[in-house]
Amino acid sequence: MLNQNLHVKNDPAENFRKDVLEGLKSNPKRLSSKYFYDKKGDRLFQEIMAMPEYYLTKCELDIFKNKTAELAQLIIPENEPFDLIELGVGDAMKSTFLLQYLVEKEMDFTYMPIDISGNILSILKDKLSTQLPALQIIGLEGEYFEMLQKAASLSSRKKVILFLGSNIGNMSLEEAEDFCFNLNKNLSSGDVVLMGFDLKKNPQLILDAYNDKAGVTAAFNLNLLSRINRELNGNFKLDQFQHYETYDPESGACKSYLVSRMNQNVQIANENFVFEENELIDMEISQKFSAEKIRELGMKSGFKAIGEIKDSKKWFVDTAWQVK
Ligand SMILES: C[S@@+](CC[C@H](N)C(=O)[O-])C[C@H]1O[C@@H](n2cnc3c(N)ncnc32)[C@H](O)[C@@H]1O
């Protein structure tokens with residue numbers, strides 16, 4: 001097994017510092033959810049995926065577990081060598097079913113999982129080396145596009161990109177359009193993308209998935225304040241912030257905020273930040289999509305739609321696009 005991790009970083013600690021300070025100086029204050037995933041954040045996200053309310057993982061698991069052959073046929077119709085690149089891989093719980101199928105079929109491919117969290121990549125590497133010892137894997141720790149370019153420099157084989165879990169929903173619609181456009185530009189004619197989208201559905205189901213009674217989602221959001229305290233010498237008092245979730249069924253935007261419970265000052269990296277009572281920090285968007293919006297997104301970014309697979313409840317869709 002080719003089993004290595006390439007760490008090509010453009011100073012992640014400095015990027016974190018810059019993004020946090022900039023975000024907290026903006027109006028409204030904001031933090032990027034891509035920083036949720038430190039060691040504790042990775043563990044909390046795995047707890048979120050296991051919660052009964054968090055239907056997204058169960059739906060996409062239904063596709064990967066029960067429609068594996070159909071999925072493989074859609075994204076790899078010919079038996080040619082390829083690189084399977086997964087962006088924002090997390091623990092690869094769903095894609096492992098596809099990997100197993102491809103290994104059993106003796107397909108010639110290298111799996112390249114990409115994630116900004118080195119912690120989750122090393123957990124994944126350990127898991128896959130036990131579960132699928134024949135798998136060729138190169139883990140790439142860093143940002144999506146930087147690592148995609150790194151992957152392209154390692155091999156010129158056909159690329160099949162997985163972008164699952166509705167990670168695309170963690171961008172505003174405008175950012176998602178830019179992301180898909182750039183993805184297209186970073187690939188070659190014939191390359192394929194499989195993207196997971198959470199579909200619009202009963203609004204209460206959506207709100208419940210991000211507003212669990214046990215408070216795991218709240219802890220997940222608050223953990224970013226702990227990370228800032230630890231890594232940027234901050235002094236956030238976590239009990240002085242409250243998690244608040246909204247879902248707007250018209251736009252499809254589900255948003256997580258932290259609300260300051262009082263007037264307070266917070267020091268971070270020797271800078272002072274003033275929070276008024278009830279002031280918000282915009283933490284994360286989890287955009288929900290209509291079929292029309294997905295079609296429009298693919299078309300605007302220059303992809304050709306080649307098929308899609310939905311879960312049995314039709315709550316989630318994995319859409320396949322090809323670079324023209
Ligand atoms: C919501 S989790 C989903 C994981 C997986 N795709 C799934 O469906 O279960 C998002 C993952 O993407 C990673 N991530 C978020 N932003 C990223 C970025 N800009 N570059 C690379 N990885 C990123 C996080 O570290 C995390 O592991």
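This report covers the sheets, backbone outliers, ligand site and a pocket of a predicted model.

## The four-stranded sheet

Four strands make an open sheet in the order S2-S12-S9-S8. Its pairing is mixed. S2 and S8 are the edge strands, each pairing on one side only. Strands of a sheet pair through backbone hydrogen bonds, in either the parallel or the antiparallel sense.

At one edge, S2 runs parallel to S12. Two bridges join these strands. Here Lys-29 stands opposite Ile-281 in S12. S12 spans residues 280-287 and also pairs with S9, this time in the antiparallel sense, over seven bridges. At the other edge, S8 (residues 241-248) pairs with S9 over eight bridges, again antiparallel.

## Strand S9 and its hairpin

Strand S9 covers residues 253-260. Seven of its eight residues are buried, so the strand is largely enclosed by the rest of the structure. The cut-off for buried is under 20% relative accessible area.

Lys-255 gives a point of register on both sides of S9. Thr-246 stands opposite Lys-255. Ile-285 in S12 also stands opposite Lys-255. S8 and S9 form a hairpin with four residues between the strands. Gly-252 in this hairpin takes a positive phi near 85°.

## The S13-S14 hairpin

A further antiparallel pair is formed by S13 (residues 303-310) and S14 (residues 316-323). Seven bridges join them. Ala-305 stands opposite Trp-321 in S14.

S13 and S14 form a hairpin, with five residues between them. Lys-314 lies in the turn and has a positive phi of about 60°.

## Backbone outliers in loops

Most residues other than glycine have a negative phi, and most peptide bonds are trans. Several loop positions depart from this pattern. The peptide bond between Asn-27 and Pro-28 is cis, with omega about 0°. Pro-28 sits in the loop between H1 and strand S2 (29-30).

Two asparagines have positive phi. Asn-233 has phi near 55° and lies in the loop between H10 and S8. With 58% relative accessibility, Asn-233 counts as exposed. Asn-270 has a positive phi of about 65°. Its loop runs between strand S10 (264-268) and strand S11 (271-275). Asn-270 counts as exposed too, at 76% relative accessibility. The cut-off for exposed is over 50%.

## A long-range approach at Leu-56

Leu-56 belongs to helix H3, which covers residues 55-66. Leu-56 is buried, at a relative accessible area of 3%.

Along the chain, Leu-56 and Asp-198 are 142 residues apart. In space, their C-alpha atoms are separated by 7.0 Å.

## The ligand site

The ligand is surrounded by 17 residues. The closest are Tyr-37, Gly-88, Lys-94, Asp-115 and Glu-143. What lies 2.5 Å from an oxygen atom of the ligand? It is a polar side-chain atom of Lys-94.

Two further residues place polar atoms by ligand oxygens. Gly-165 contributes a backbone N or O atom, 3.3 Å from an oxygen atom of the ligand. Asn-167 contributes a polar side-chain atom, 3.4 Å from an oxygen atom of the ligand.

## The second largest pocket

Rolling a probe the size of a water molecule over the atoms shows where empty space is left. The second largest pocket has a volume of about 410 Å³. Its lining has 21 residues. Pro-12, Ile-116, Ser-117, Glu-141 and Arg-227 lie nearest the centre of this pocket.

Which helices each supply at least two residues of the lining? They are H1 (12-25), H6 (118-131) and H10 (216-231). H1 gives the most to the lining, with four residues. By class, the lining of this pocket divides into nine charged, six polar and six nonpolar residues.

Terms used:
Residues are numbered from 1 along each chain as its sequence is written. This is a predicted model: local features need pLDDT of at least 70, side-chain atom pairs count only at pLDDT 80 or more; totals for chains, interfaces and linings use all residues. Side-chain values use heavy atoms; hydrogens and water are left out. On a 1 Å grid over the protein atoms alone, a cavity is a set of points where a 1.4 Å probe fits but cannot get out, and a pocket is an open set with protein on both sides within 12 Å along at least five of seven lines; lining residues have an atom within 4 Å of a point. Grid points are joined across faces, edges and corners, and a volume is the space filled by probe spheres set on the points. Ala, Val, Leu, Ile, Met, Phe, Trp, Tyr, Cys and Pro count as nonpolar, Asp, Glu, Lys and Arg as charged, and the others, Gly among them, as polar. Buried means under 20% relative accessible area, exposed over 50%, partly exposed in between (1.4 Å probe, protein chains only). Two strands pair if DSSP finds at least two bridges between them. A residue is near a molecule or strand if one of its heavy atoms lies within 4 Å of it. A polar contact is a pair of N or O atoms within 3.5 Å; within protein, one must be able to donate a hydrogen and the other to accept it, and residues adjacent in sequence count only if both atoms are side-chain atoms.
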